[in-house]
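Subject: The structure we talked about

Hi,

Here is the structure I promised to pass on. Have it open while you read, and my notes on what turned up will follow below.

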Amino acid sequence: MNSGAPGTLVVGRVKFFGRHRGEVNSSAFSPDGQMLLTASEDGCVYGWKTQSGHLLWKLGGHTGPVKFCRFSPDGRLFASTSCDRTIRLWDVVEAKCLQVLKGHQRSVETVSFSPDSKQLASGGWDKQVVLWEVQSGRILRHLGGHQDSVQSSDFEPSSDCLLGTRRAGVDWLVHAHGSCLQATGSWDATIRIWDLRTGTPAVFYQELEGHSGNISCLCYSASGLLASGSWDKTIHIWKPSTRSLLVQLKGHVTWVKSIAFSPDELQLASAGYSHMVKVWDCKTGKCIETLKGALDVAHDCAFTPDGKLLVSGAAD
């Protein structure tokens with residue numbers, strides 16, 4: 001997929017990355033767009049050259065299906081989560097596991113890095129959100145409150161740098177100024193935004209309600225808009241600062257599995273639990289393209305940082 005003029009879409013050659021031994025649950029591009037990461041039900045994480053499709057490595061280590069993967073914003077690390085209740089942190093250059101983070105009681109379904117790559121947030125079937133310090137691998141805080149499985153998480157891109165510190169036996173998240181916001185989506189049909197501001201413990205900030213089904217995916221845009229996908233077959237685009245719903249996208253015939261903003265925020269891609277990926281105009285809410293290249297149920301979608309390529313991971 002290539003972008004032509006602003007707001008237009010040109011669909012070109014489709015490339016397949018087909019050496020997985022199980023369903024592709026998640027995919028992520030490196031910050032420079034040169035590498036594609038995929039997480040598979042076969043228990044492995046795969047690294048690919050984006051342009052050539054060459055398989056760089058296949059990494060084992062998890063003892064269960066790999067549910068999610070994501071690069072750190074600085075491009076030095078990536079994280080993977082699994083049904084084995086762990087998060088693994090990997091070195092990109094050497095393709096080796098640096099740390100195994102243990103703290104969840106059930107399958108870990110989502111992970112996200114803070115904008116400075118120093119913190120990590122994870123969520124899963126134990127209904128908990130856990131904040132970790134990347135360098136040490138220690139737990140900074142548990143965020144409780146969701147009433148069901150936490151399936152998605154994302155940090156606001158403009159959030160300030162976070163630093164972990166300890167005072168009077170309590171972990172605090174501190175940064176120089178401004179705010180740090182992290183969003184989580186749950187099967188309790190709510191989105192929670194957590195405020196991790198200077199000098200206070202991580203606290204619940206606000207809740208966004210409006211979906212009538214489980215929240216299955218979340219994604220921040222570069223400017224701080226928040227998109228959410230749900231089992232109610234809709235996608236909502238929010239302005240979190242005012243708690244306002246800007247647009248509702250309708251057209252999926254099954255629940256929405258994954259969403260991704262294009263870098264210019266003009267388009268949003270979504271993968272439903274079906275054989276297609278849809279691309280939407282974010283301003284009008286209209287579907288501008290339905291891509292049917294996936295051979296089986298589409299589980300995931302992601303744009304390259306330059307917005308020129310769109311990848312979808314499928315059950316085949």
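How many residues lie between E3 and E4 in their hairpin, and which residue in the turn has a positive phi? Before the answer, one caution: this is a predicted model, and every value below is computed from it.

So, the hairpin. There are 5 residues between E3 and E4, and the one with the positive phi is Gly-53, at about 80°. Strand E3 covers residues 45-49 and strand E4 covers residues 55-59. The two run antiparallel, joined by 4 bridges. If you want a spot to look at, go to Trp-48, which has Leu-55 of E4 standing opposite.

While we are on backbone angles, here is a bit of background. Most residues other than glycine have a negative phi. With that in mind, have a look at two residues in loops.

- Ala-95 is not a glycine, yet its phi is positive, near 50°. You will find Ala-95 in the loop between strand E7 (86-91) and strand E8 (96-102). Its relative accessible area is 18%, so Ala-95 is buried, given that buried means under 20%.
- Ser-117 is not a glycine either, and its phi is positive too, at about 70°. Ser-117 belongs to the loop between strand E9 (108-113) and strand E10 (119-124). Ser-117 also counts as buried, because its relative accessibility is 5%.

Next, the charged side chains. The search of the whole structure came up with 4 salt bridges. Here are some of them.

One salt bridge brings the side chains of Arg-70 and Asp-154 together, at 3.1 Å from N to O. Arg-70 is in strand E5 (residues 66-71) and Asp-154 is in strand E13 (residues 150-155), so this pair ties together parts that are 84 residues apart in sequence. Asp-154 is buried, with a relative accessible area of 11%.

Another salt bridge joins Arg-138 to Glu-133, and their closest N and O atoms are 3.2 Å apart. Are these two buried or partly exposed? Arg-138 counts as partly exposed at 30% relative accessibility, whereas Glu-133 is buried at 17%.

Then there is the salt bridge between the side chains of Arg-192 and Glu-207, at 3.3 Å from N to O. This pair links distant parts of the chain: Arg-192 is in strand E17 (residues 191-195), Glu-207 is in strand E18 (residues 203-208), and they are 15 residues apart. Arg-192 is buried, with a relative accessible area of 15%.

Now for the rings. The search of the whole structure finds 7 aromatic pairs. Among them is the pair of Tyr-46 and Trp-48, which is stacked, with 6.0 Å from centre to centre and 15° between the planes. Tyr-46 is buried at 1% relative accessible area, and Trp-48 counts as buried at 1% as well.

Trp-57 and Phe-78 form a stacked pair too, at 5.4 Å centre to centre with 10° between the planes. Where do these two sit along the chain? Trp-57 is in strand E4 and Phe-78 is in strand E6 (residues 77-82), so the pair links distant parts of the chain, 21 residues apart. Trp-57 is buried, with a relative accessible area of 14%, and Phe-78 counts as buried at 0%. Try showing these two side chains together with Phe-71 and Trp-90, since ring pairs link Trp-57, Phe-71, Phe-78 and Trp-90 into a cluster.

Last, the cysteines. How many disulfides does the structure hold? The count is 0. Take Cys-282: the nearest cysteine sulfur belongs to Cys-219 and is 9.6 Å away. A disulfide needs the two sulfur atoms within 2.5 Å, so Cys-282 is in no disulfide. Cys-282 is buried, with a relative accessible area of 12%, and Cys-44 is buried with a value of 12%.

If you only have a few minutes, I'd begin with the hairpin of E3 and E4, then turn to the cluster that includes Trp-57, and finish on the salt bridge of Arg-70 and Asp-154.

Have fun with it!

Notes. Residues are numbered from 1 along each chain as its sequence is written. Side-chain values use heavy atoms; hydrogens and water are left out. Two strands pair if DSSP finds at least two bridges between them. Buried means under 20% relative accessible area, exposed over 50%, partly exposed in between (1.4 Å probe, protein chains only). Rings of Phe, Tyr and Trp (its six-membered ring) pair if their centres lie within 6.5 Å; planes under 30 degrees apart count as stacked, over 60 as edge-to-face and the rest as tilted.
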